[in-house]
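Subject: Structure for you to look at

Hi,

Here is the structure I promised to pass on. Please open it next to this message and follow along.

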Amino acid sequence: MGCYQWFQFIYKNTTPMLLIGIGACYVPLQDVISQFNLTYVVLCVVTVIGAVIGAGLIGKLVGFYFVESAITAGLCMANMGGTGDVACLSAADRMELMPFAQISSRIGGAVILLLSSVLLSIITL
């Protein structure tokens, strides 16, 4: 019970500051803006939609809730790691799914990077 209360305290009081701080320090906006083009936007949108729908449907087939499997296996697999997990789960008000999101980030993130690299090479040909 004490661990849960400590988690709730830290989550409610430090998550917004943590997201702003990490976002401001680790995401160089000049690099993002310089790489921004239509191909990049289409690739990001297709990757996220495909990950969400695929993870949600497969989760539904094995008996999970569609939304929770789409968030943890889909969105947390296609974000920027632990910080992205915190951002996705706090936006969805599902922070109790953090262990599953961490597993998804490590295993599924590599798969998404591979697929997006293949799609990028096909699109730009």
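Start with helix 1 (residues 2-26) and helix 5 (residues 82-91). Their axes come within 10 Å and cross at roughly 125 degrees. An angle over 115 degrees but not over 145 counts as oblique, so helix 1 is oblique to helix 5. The crossing of these two helices is left-handed. Helix 1 brings Tyr11, Thr15, Leu19 and Ile22 to the contact. Helix 5 brings Thr83, Val86, Ala87 and Ser90. By class, five residues of this contact are nonpolar and three are polar. None is charged. Do keep in mind that this is a predicted model.

Next, a second pair. Helix 3 (residues 38-61) packs with helix 4 (residues 66-75) at an angle of about 130 degrees. The axes are 7 Å apart. Helix 3 and helix 4 are therefore oblique to each other. Which hand does the crossing of helix 3 and helix 4 have? It is right-handed.

The contact between helix 3 and helix 4 has a long list of residues, so go through it by helix:

- From helix 3: Val48, Ala51, Val52, Ile53, Ala55, Gly56, Leu57, Gly59 and Lys60.
- From helix 4: Phe66, Ser69, Ala70, Ala73, Gly74 and Leu75.

Ten residues of this contact are nonpolar, four are polar and one is charged.

Now the core. The largest nonpolar core has nine residues. They are Tyr11, Ile71, Cys76, Val86, Leu89, Met95, Leu97, Met98 and Ala101. Helix 5 and helix 6 each supply at least two of them. You have met two of these names already: Tyr11 and Val86 belong to this core, and both also sit in the contact of helix 1 with helix 5.

Cys76 is another core residue. What does cysteine 76 touch, leaving aside its neighbours within four places in sequence? The contacts are Ile71, Asp85, Cys88, Leu89, Ala101, Ser104 and Ser105. Ile71, Leu89 and Ala101 are core residues too.

Last stop: aspartate 93. Find it in the loop between helix 5 and helix 6 (98-123). Its phi is near 55 degrees, a positive value in a residue other than glycine. Is aspartate 93 buried or exposed? Its relative accessible area is 56%. The cut-off for exposed is over 50%, so aspartate 93 is exposed.

Best wishes

Note on methods: Residues numbered from 1 in each chain as written. Predicted model: local features only at pLDDT ≥ 70, side-chain atom pairs only at ≥ 80, totals over all residues. Heavy atoms only, no water. Axes fitted to C-alpha atoms, helices over the stretch in contact; angles between N-to-C directions. Helix = DSSP H or I, 4+ residues; strand = E, 2+ residues; numbered from the N terminus. Parallel < 35°, antiparallel > 145°, perpendicular 65-115°, else oblique. Left-handed = near helix turned anticlockwise from the far one by under 90°. Contact = heavy atoms within 4.5 Å. Nonpolar A, V, L, I, M, F, W, Y, C, P; charged D, E, K, R; others polar. Buried < 20%, exposed > 50% of the residue type's maximum accessible area, 1.4 Å probe, protein only. Core = buried A, V, L, I, M, F, W, Y, C linked by side-chain atoms within 4.5 Å.
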